[in-house]
Amino acid sequence: MTAFAMNILASADPLEHVVNAAAVRSADGYWLWSGNQGALVLSGLILVFVGMWAASKIKTGPSSQGADAYVTRSRFAQLVEVICEYLREEVARPLLGDRTDKLMPFLWTIFFFILVNNLIGLTPVRDVLHIVGIEKVWIGGTATQNIWVTGTLAIIAALVFNIAAIMRLGPVGFVKHMMGGLPWTMFPIALLLLVIEAAGQFIIKPFALALRLFANMTAGHVLIATLLSFAGGAIASALGGGGYGTNSAITVVSVVSATMLMFLELFVAFLQAFVFMFLTAIFISIMDHHDEHEHEHGHDHATGHEHAHA
């Protein structure tokens with residue numbers, strides 16, 4: 001068993017520990033189930049059940065408990081509450097203003113969904129399945145390292161921030177914003193602005209969201225897998241009679257480096273979930289600020305007329 005585990009760690013390609021792998025294929029070779037699908041389903045179940053449990057601990061208790069009714073009844077639920085409170089009051093509300101409470105369920109969901117998938121990606125589920133003799137990768141890999149997954153998340157975010165903009169500005173106001181608010185006499189320039197703005201709103205922003213998450217989650221995970229493959233190769237070499245001196249040193253340095261990098265990856269897991277949610281909030285707020293600017297301009301214009309009449 002130990003030699004088998006070392007052979008897994010010493011895999012020639014570190015990407016095998018990170019990328020998606022098929023668990024079930026059709027007769028034509030199409031993937032019917034993969035490790036990333038298992039990770040996505042698992043993260044969804046974690047969000048639902050842990051979320052319901054945390055909500056039951058955070059909610060206000062019966063009045064018979066007095067002041068204790070307002071105290072969250074679990075350390076972990078307190079942590080979840082603090083994170084939610086910070087994201088809503090310190091991050092989203094300064095950007096979204098009056099629409100914060102309506103949009104927070106989506107922003108909280110996108111944050112925790114990406115975070116849980118990032119953390120699942122740091123656990124060696126696939127390797128453990130291999131070690132215990134399960135060859136099919138029902139759960140494994142890093143789902144947020146899969147460009148199809150990050151692309152889907154980015155498309156969902158793009159739908160939300162574009163629909164939010166249309167609801168705020170109205171269809172005509174949305175198009176006018178895309179045309180820079182120029183008069184019809186400058187139609188050729190306005191049309192060019194419309195093309196540029198549309199590319200940014202529908203292609204560039206979602207692409208940036210997808211690529212940033214994909215690249216950041218791939219690089220760190222591959223580096224950890226590479227370091228552990230060095231350790232696995234050194235141990236396998238020592239067990240095969242290759243000597244203990246140099247192989248022991250390689251193992252120690254590789255494991256220590258991988259451990260330190262794992263702490264960095266934990267930070268990156270939180271950071272990338274935060275960045276995805278934060279950028280989505282910014283993309284929503286950009287249109288809101290345009291709307292506020294128009295309101296302020298209209299108010300100043302009206303005030304100016306009032307002063308002129310006075």
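1. The expected span of a helix is 1.5 Å times one less than its number of residues. In this predicted model, helix α3 has 22 residues, and its first and last C-alpha atoms lie 30 Å apart, close to the 32 Å expected at 1.5 Å a residue. A kink of about 30 degrees is nevertheless found in α3, with its centre at Arg88.

2. The overall composition of the chain may be noted next. The chain holds eight helices and two strands. Read from the N terminus, the order of the elements is α-β-β-α-α-α-α-α-α-α. Of the 310 residues in the chain, 38% are buried.

3. Which residues of α3 are buried? They are Ala77, Val80, Cys84, Leu87, Val91, Ala92, Leu95 and Leu96. As a general point, an α-helix has 3.6 residues a turn, so residues three or four places apart point the same way. Val80, buried in α3, is also among the residues closest to the centre of the largest pocket.

4. Helix α4 can be assessed in the same manner as α3. Its 23 residues should span 33 Å at 1.5 Å a residue, and the end C-alpha atoms are 32 Å apart, so the two values agree. A kink is present in α4 as well: the bend is about 25 degrees and is centred on Phe106.

5. Phe112 deserves a separate remark. This residue is located in helix α4. Is Phe112 buried or exposed? Its relative accessible area is 16%, and buried means under 20%; Phe112 therefore counts as buried. Phe112 and Ile46 are separated by 66 residues in sequence, while their C-alpha atoms are 9.9 Å apart in space.

6. The largest pocket has a volume of about 570 Å³. Its lining comprises 21 residues, of which Leu47, Val50, Phe76, Val80 and Phe112 are the closest to its centre. Helices α2 (35–58), α3 (75–96) and α4 (100–122) each contribute at least two residues to that lining. By class, the lining of the largest pocket consists of 18 nonpolar, two polar and one charged residues.

7. Enclosed space is a separate matter. How many cavities of 30 Å³ or more are counted? The count is one cavity. The largest cavity contains about 30 Å³ of space. Two elements, α7 (187–239) and α8 (245–309), give two or more residues to its lining. The lining residues are Leu209, Arg212, Leu213, Gln272, Val275, Phe276 and Leu279. Helix α8 gives the most, with four residues. By class, five residues of this lining are nonpolar, one is polar and one is charged.

8. The largest nonpolar core has 36 residues, and Leu153, Leu209 and Phe276 have the most contacts inside it. At least two residues of this core come from each of α3, α4, α6 (147–178), α7 and α8. Which helix supplies the largest share of this core? That helix is α4, with nine residues.

9. Some residues and helices recur across these points. Leu209 and Phe276, named among the core residues with the most contacts, also line the largest cavity. Helices α3 and α4 each supply at least two residues to the lining of the largest pocket, and each likewise supplies at least two residues to the largest nonpolar core. Phe112, a residue of helix α4, is one of the residues closest to the centre of the largest pocket.

Conventions. Residues are numbered from 1 along each chain as its sequence is written. This is a predicted model: local features need pLDDT of at least 70, side-chain atom pairs count only at pLDDT 80 or more; totals for chains, interfaces and linings use all residues. Side-chain values use heavy atoms; hydrogens and water are left out. On a 1 Å grid over the protein atoms alone, a cavity is a set of points where a 1.4 Å probe fits but cannot get out, and a pocket is an open set with protein on both sides within 12 Å along at least five of seven lines; lining residues have an atom within 4 Å of a point. Grid points are joined across faces, edges and corners, and a volume is the space filled by probe spheres set on the points. Ala, Val, Leu, Ile, Met, Phe, Trp, Tyr, Cys and Pro count as nonpolar, Asp, Glu, Lys and Arg as charged, and the others, Gly among them, as polar. The bend at a residue is the angle between axes fitted to the seven residues ending there and the seven starting there. A nonpolar core is a set of buried Ala, Val, Leu, Ile, Met, Phe, Trp, Tyr and Cys residues joined through side-chain atoms within 4.5 Å. Buried means under 20% relative accessible area, exposed over 50%, partly exposed in between (1.4 Å probe, protein chains only).
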